[in-house]
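Trainee: Please take one part of this entry and go through it closely. I would like to know which residues are involved and what surrounds them.

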Amino acid sequence: MCRLFSLTSRDPVSPMLAINALNVMKEGHDGSGVGLYLHDLGGPFGEMKEAPILSGIFTEAGLKRLSQTAAEIGLDPKYSMTFSPQTPPPPGTPKRGTYLARAYDIPEAWKGLPADELAQEYTRFRLMLRASGEELGDMQVFSFWPDTIMVKEVGDPLTVGQYLGLDNKDLVARRILAQGRQNTNYAINLYACHPFFLQGVCSMTNGENTAFIPIREYLSSRGVDGYSGYQSDSEVFAHILHFTLKRLGLGLEYYKHIITPLTDEELEGHPDRENLIRLKQACRKLIIDGPNCVIGCLPDGAMFMVQDRKKLRPGVVGGKPGIFAFSSEICGLNAAIPDRDPSKDFQPMHLDTAIVRPDCQEVTICNQMQVLPRLH
Amino acid sequence: MQSNAGLTPSTLSLKDLPWQIDWDIHTCTLCGRCTAVCPVNAIELGVFRKRELHAKPGIPEKPTNTYTIYHGIRQRTDPAYRCIGCAMCNMVCPNNAIRPRQLSESPMLWYHNNRGGQPRTRGGRRNEHGPNLLDQVKFIRISMLTDPALDAGRHEFELKTLLGRILPPEEEINALKTDGWTPPVREIYPLIIGGMSFGALSPNMWEGLYMGISYLNEELGIPARISTGEGGCPPRLLRSRFIKYVILQIASGYFGWDEIIRAIPEMQEDPCAIEIKYGQGAKPGDGGLLMWYKVNKLIAALRGVPQGVSLPSPPTHQTKYSIEEAVAKMIQSMYMAWGFRVPVYPKISASSTSLAVLNNLVRNPYAAALAVDGEDGGTGAAYNVSINHMGHPIASNLRDCYLNLVAQGRQNELPIIAGGGIGKNGNIAANAASLIMLGASAVQVGKYMMQAAAGCIGSEGDRCNVCNIGLCPKGITSQDPRIYRRLDPEKVAERVVDVYLAFDTEMRKIFAPLGRSTSLPIGMSDALGIADKDAAERLQIKYVV
C-alpha cells in the first residue's frame, strides 16, 4: 500500500523533510517510487510567483525540442533548475536524462487573458508536450503552472531524493505532497505516479478506486482539457476535486459530499437535506467506491485529508501553529514534527474532512453532518 | 388406430406429439384427478379391451380366450388437445403413476399448429435451450490483496438506483441556486417487476405481487416497484397510498386509462412513474394481445371494453405519426397530467430503433428514462413466430445504448432499464449484475417472478405456454375462478419477498468482492469477462479463457 505524507508550513521547507517521513514509514511501502508536489515555493522560484514553471524529465533531444517549441509560442525561459545525474542511478531507477524545473515569461498574447483562459493555455501547452513526448519518447512533463514543481521517479524515495539532489537549498516550498511507491494496479509509468495535478489542484491517494472506469468515462466526456491520461485509477480524485471547485463552483466542504455522499438515513435530519439529495443524484457518477485516503492541496494553499465511506485506510493529521502535516502513519508525523502536541493529532473518520488553511494555524474538521456554506 | 377411423392430413400418432404421457397401470388408482386437472384435456379416461388366452395343460382341450376390459388413461392425438407438458397430472397424482416426457426428435405437430388457417398463438418466452449470453458473463475483477475486499454480510451497501432524468451537475447546481425546476427523480431498487397486466394475470396473482411489493416497501424498506402493464389498475389501488410503489403503464390500446384519468383528482399519492409502452421484447413490432378467453366481466369493466372479445393493442400509438409526436408529445402530456411531478418514460423492444429513440430522448428534457426489452422477454400472448424469431438480444442493445450515452457525456442522466430474459435460467442476480455493469440503471423481470413467486411451469422447451387461453394450470394467468383459486395470493406475496431478499444478498455477494458498495456499479465494464471472443469485442469487455 502507498504511504502518503504532506506538509503545509508557514516557512518554506526542504522536500527532504517529507521524504524522510516517507522513509520512516518504509514498512508500509515497497520503495518502488516517489512522487512530489511542491507549491508556494521559496528560494529563487519564490521570487517569480506568476511565472509558470515547467517540470519534467527530458532527454538531450527533448530539451532541444522543448526550447524550440517554447520559443515558437513565445515562452521565454526565466530561470531553470536542472539536475543531470552523472552517477549511475540507484537500483531500480532507470537512467533518464535531465530533470528540469524551468520558469517562463509568458508570451504577449497570453498577457491580460482572463485567469480561466490562461489556465487553459497552460494546460494545452503541457498536454501538447506530453503527447509529443509520449510519441517520441524524449520528454515527460508533469506540470506547467505558476509556483508549482512536480517530481516523479521510480525507486526508493530516500535514495531517489538523494540521487536527484532534492536537498538543494534553493528547492524549498511551503506546501509539499509526497507519495512513496509506484502504481501497482496498472502499468508502471511515471504518469501513473501520485500526486496528480491539474490547474492548481493536486491530490494523492492511497488505495484502489474500484469505480475508476465509470468515473473515467464520465470525466473524459466532460470536454475539459486535462481530464485525460488516466494511467492510474487515482488520477480521477484530482479531477473530481477540480470539477467540484472549478466547474461546479463549490467549496472544499462539498468535496466529500460528492465522492462519498451521506446515506438516506443520515440525510433524514440534515439541515441541507434537499440540496444534498439533489447533489448526490446529480453527481452520482463521481461517487468513489474504494478504500481510499485522499490528501490534496487547493490553489489557495489549503491542504486536506478525507477518507472513503468505510474508512478503510489509515491517516492522521497533526502539527503546531506554523507547520502541520498529513500522514499515513503517526511515525511519519513524529519524524517530521517531533515537537508537536501529539494529543491534538486527529485521525479523520468516514464523515470528516480535515483542513489546514494556508495560514497554518489550526486543523479544521468539517463533518458531513454539519451545515454547509450556502451556495452562491 | 383402426383402419376405419378416418385418416386425415392432421391425423397424428402418439409418436408425433412433443410431449408423451407415461402412465403406469400398476400404480394408477384410477382416481381421475389427472384427467380432471389437465388444462388442455390431453388425457382422458379410457376403456381398453384385453384378450386373455386360457391354455389348459394336456392335449385333449383346445386353448380358449376371453375378452375383458380394463380402465386407464388415454392420451389424445388430436393436435387441438395435445399435451403441453405442464405435468399437472403428475402434481395431483397420489402415486406418481403419470408424467409427461418430452420427445427429443422433431415432432410432426409443428406442421399442424395452424388449424383453421390460424397460426399458433401462445404465451411464455421464446424456445431456446442452453445458457444464454448473460449466463456466460463472468465477474473477473476481484480485489483481494491490493485492497481489502468488502464484506457482503457486514458492510453498509447502497443498492439503489435512480429513475428519472438527472440533470448534469452544473445545471442541477444552477437550479439549486436559482430555485429552478428539476425533473422528478425516484430512488428505487434496481429490480423492477415489469409490466404484466390485470387481465393477463389472474386477480390472485395480481394481488399477490402487489402485496409483496407493498410489504417490501413498508416493512423492509426495500423500494421495490412494479409496473401495471397495459390493462389499467383497480380503482381502489389507484386511490390508495400504495400507488406510489406502482408504475402505471399506458400502451397503444389505452386499456384502463379512462379509470386512471378519472382517479387523478382523488389520488392520495403520485404513482412512481408512467411507462409508455411502444413495444415488448418478446414480440417487437406487435402490440399487446389479450385473447377473448380471458376477457371476463371484471376485466371488461376495468378495461372499459365489452366482454368476451379479443383485445389486441395496435403495434403503434395510432394517433401519432412520428417519433417526435409519439415520444415527445405523449411524454409531455403525461407529465402535465400529474403536474410535472411524476417521471415518464417509454418502453421499447430492443431493436435497431433503440438508438434512434434514445437520441431523441436525450434531447427531450422531460424524458425520464428508457426501458429496453430484449428478445428473451416473456408475454401473455403472441404469435409463435413473433416470440421465437423476432427481436434483438438485450446485452448488445443495452451496451450500444449506454456507450452512445457515454459518447455524448450523458451516461446515467437518462437511466436505461434493461429487460428480457433476466434470470431465464435461474441466475437472476448474476444476469442483473452483468446488465448493470454493461450500463443498465435497473433491470425488469416478468416471467422470472411468475416462475419464482407463483410456480409458473412454463419453460423455453415449449412447456405449458398456454397463458393466452385462460387455462393456466397454476391459476397465474387464468381468469376462471375455478382455476385461479388454486393460487394463494398470500403465498405469492411471501415468495416475492423471498425473491427480493435473496436477490439482494446475491447482489452484495457479487458487488462486495468487486469493491463496490456505495453506488450501483453502472457501467463498471472492467469487471466483466467472457470466453467468447466475438461477444467480448462486441460488448467491449475482457476476453478471458
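Mentor: Chain B is assigned domain 1 (14-112) and domain 2 (141-422 + 440-447 + 480-526); such bounds come from an automatic or database domain assignment. Taken over C-alpha atoms, the centres of domain 1 and domain 2 of chain B are 46 Å apart. This is a predicted model, in which local features need pLDDT of at least 70 and side-chain atom pairs count only at pLDDT 80 or more, while totals for chains, interfaces and linings use all residues. Residues are numbered from 1 along each chain as its sequence is written, chains are lettered from A and ligands numbered from 1 in the order in which they are written, and side-chain values use heavy atoms, with hydrogens and water left out.

The part to look at is a set of cysteines in chain B. UniProt, in an unreviewed entry, places the feature "binding site" at C83(B), C86(B) and C89(B), and the same feature name appears there for C93(B). UniProt positions are given in the numbering used here, feature names are shortened, and annotations may be inferred rather than shown by experiment.

Start with C86(B), which is found in the loop between β3 (64-75) and α2 (88-92) of chain B. Helices (H or I, at least four residues) and strands (E, at least two) are DSSP runs, numbered from the N terminus. The relative accessible area of C86(B) is 6%, so this residue is buried; buried means under 20%, exposed over 50%, and partly exposed in between, with a 1.4 Å probe and protein chains only. Leaving aside residues up to four places away in sequence, C86(B) touches P39(B), M91(B), I457(B), R463(B), C464(B) and P473(B), where contact means heavy atoms within 4.5 Å.

C89(B) sits in helix α2 of chain B. With a relative accessible area of 7%, C89(B) is buried too. Its contacts, again without residues up to four places away in sequence, are C34(B), V37(B), I43(B), I98(B) and P100(B). After the helix comes C93(B), in the loop between α2 and β4 (98-102) of chain B. C93(B) counts as buried because its relative accessibility is 17%.

Now to the question of sulfur bonding. A search of the whole structure finds 0 disulfides over all chains, a disulfide being a pair of cysteine sulfur atoms within 2.5 Å. C28(B) illustrates this: C28(B) is in no disulfide, and the nearest cysteine sulfur, that of C34(B), is 6.3 Å away. C28(B) has a relative accessible area of 21% and is therefore partly exposed. C34(B) is also one of the residues that C89(B) touches.

Further along the chain is C467(B). The cysteine sulfur closest to that of C467(B) belongs to C456(B), and at 6.2 Å the pair is too far apart for a bond. C467(B) is buried, because its relative accessibility is 11%.

To put the pieces together, C86(B) in its loop has I457(B), R463(B) and C464(B) among its contacts, whereas C89(B) in helix α2 has I98(B) and P100(B) among its own. C93(B) lies in the loop that leads from α2 to β4 of chain B. The "binding site" label on these cysteines comes from the unreviewed UniProt entry.
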